[in-house]
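Biologist: I'd like to learn how to read a model like this one. Could you take me through it feature by feature?

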Amino acid sequence: METEHKIIFGDALKVLKSIPDNSIDLVFADPPYNMSKKNGLAWKYSKHVTMQEDWDMFSKDDFFKFNKEWINECFRILKHGGSFWVSGSFHNIYQTGFIIQQFHPEIKINNSIVWFKPNAQPNITCRFFTESTEHLIWATKNGDGKKWKFNYQWTKDFIEDPLNPKGKQTRNVWSIPLTPKNEKWAGDHPTQKPFELLKRVILSSTNEGDIVLDPFVGSGTTSVVAKYYGRNSIGIEINKKYQEVIKKRLQKSQKTLSDESSKVIFEEFKD
Ligand SMILES: C[S@@+](CC[C@H](N)C(=O)[O-])C[C@H]1O[C@@H](n2cnc3c(N)ncnc32)[C@H](O)[C@@H]1O
């Protein structure tokens with residue numbers, strides 16, 4: 001089966017509106033966390049700096065409106081039986097959970113996952129505990145006689161980390177190191193997610209041939225993993241400057257696990 005991978009450059013709030021109702025098997029979103037500061041902190045002993053990205057800065061009210069809008073669109077386009085995964089830190093994850101619970105009674109939260117980063121960067125100020133986790137919410141849209149997919153046997157047989165021995169039920173705490181250098185060969189993106197994280201998300205809750213959509217695809221990780229494992233994908237990204245990184249990564253993963261052929265399409269969204 002040939003798979004298709006479409007990258008659409010445009011504002012997710014507009015692009016999502018062009019995607020038909022009930023058409024996507026899995027949404028993975030790694031949205032702006034609104035954690036950037038105008039004047040970032042740097043540490044003279046290392047190259048670690050805090051985030052200073054324009055796309056990650058909102059006023060309190062704008063952030064709530066933005067989150068409500070894109071989440072609403074994602075649930076509309078999700079098929080019955082489809083999965084919605086969203087990542088976050090304390091800056092956005094409570095608000096995201098609140099929006100789901102308050103405005104989407106049709107949606108069931110299946111799990112929250114704690115992603116533990118054993119090699120998280122140190123705290124620059126020494127006035128807080130060191131942030132070494134991110135959080136994921138796994139929620140599903142059930143109805144029309146359909147319930148969510150969970151590839152339980154795969155999770156048991158293949159997920160392995162210091163907190164999750166192979167062959168045992170996988171816990172909701174995942175130990176995955178920060179994105180390694182050898183995954184960042186295609187160029188810079190400040191928040192590129194590890195392949196392993198997306199592998200767990202996609203393989204636990206989709207089957208081959210399913211359609212995966214990422215409204216904030218960044219350096220293209222979701223599409224790269226979907227392509228490798230024989231899923232179709234749609235990635236949306238507002239910043240054209242990440243096009244080259246995405247392109248290189250998608251070309252490199254030309255070889256897929258199942259040796260299926262695949263087609264990559266780049267599009268610019270026209271209102
Ligand atoms: C947290 S990063 C995602 C990183 C991605 N998971 C990866 O592995 O590379 C969020 C991305 O969303 C993009 N973005 C921000 N606002 C957007 C919007 N309204 N529509 C589409 N993309 C947007 C940013 O340019 C950024 O690349």
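Modeller: Gladly! Let's begin with burial: a residue is buried under 20% relative accessible area, exposed over 50%, and partly exposed in between, using a 1.4 Å probe and protein chains only. One note on what we are looking at: this is a predicted model, where local features need pLDDT of at least 70, side-chain atom pairs count only at pLDDT 80 or more, and totals for chains, interfaces and linings use all residues. Residues are numbered from 1 along each chain as its sequence is written, and side-chain values use heavy atoms, with hydrogens and water left out.

Biologist: Is Arg-249 buried or exposed?

Modeller: Arg-249 has 6% relative accessibility, so it counts as buried. Helices are DSSP runs of H or I with at least four residues, strands are runs of E with at least two, and both are numbered from the N terminus. Arg-249 belongs to helix α7, which spans residues 243-252. You can also compare sequence and space: Arg-249 and Ile-211 are 38 residues apart along the chain, and their C-alpha atoms are 19 Å apart.

Biologist: Which residues of α6 are buried?

Modeller: Here a general idea helps. An α-helix has 3.6 residues a turn, so residues three or four places apart point the same way. In this structure, the buried residues of α6 are Thr-221, Thr-222, Ser-223, Val-224, Val-225, Ala-226 and Lys-227. That makes 7 of its 8 residues, and the helix is mostly covered. After α6 comes Gly-230, with a positive phi near 75 degrees.

Biologist: What does the side chain of Thr-222 contact?

Modeller: A polar contact is a pair of N or O atoms within 3.5 Å; within protein, one must be able to donate a hydrogen and the other to accept it, and residues adjacent in sequence count only if both atoms are side-chain atoms. The side chain of Thr-222 makes such a contact with the side chain of Asp-214, at 2.6 Å. Thr-222 lies in helix α6, residues 221-228, and its relative accessible area is 3%, so it is buried.

Biologist: Now the ligand. Which residues come nearest to it?

Modeller: A residue is near a molecule if one of its heavy atoms lies within 4 Å of it. There are 22 residues around the ligand, and Ala-12, Asp-30, Ser-219, Thr-221 and Glu-237 come nearest. For classes, Ala, Val, Leu, Ile, Met, Phe, Trp, Tyr, Cys and Pro count as nonpolar, Asp, Glu, Lys and Arg as charged, and the others, Gly among them, as polar. The shell holds 10 nonpolar, 8 polar and 4 charged residues.

Biologist: Which atoms of the ligand pair with Ala-12, Lys-193 and Thr-221?

Modeller: A ligand nitrogen is 2.8 Å from a polar backbone atom of Ala-12. A ligand oxygen lies 2.9 Å from a backbone N or O atom of Lys-193, and a polar side-chain atom of Thr-221 is 2.6 Å from an oxygen of the ligand. The protein covers 97% of the 610 Å² of accessible area that the ligand has on its own, with areas from the Shrake-Rupley method and a 1.4 Å probe.

Biologist: And how do I read a positive phi outside glycine?

Modeller: Look at the residue's place and its exposure together. Asn-22 has a positive phi of about 45 degrees although it is not a glycine; it is in the loop between α1 (12-15) and β2 (24-29) and, at 37% relative accessible area, is partly exposed. Asp-144, also not a glycine, has a positive phi near 55 degrees. Asp-144 sits in the loop between β5 and α4 (152-158) and is exposed, with a relative accessible area of 62%.

Biologist: Where is Pro-122?

Modeller: Pro-122 is in the loop between β4 (107-116) and β5 (133-141). Its relative accessibility is 35%, so Pro-122 counts as partly exposed.
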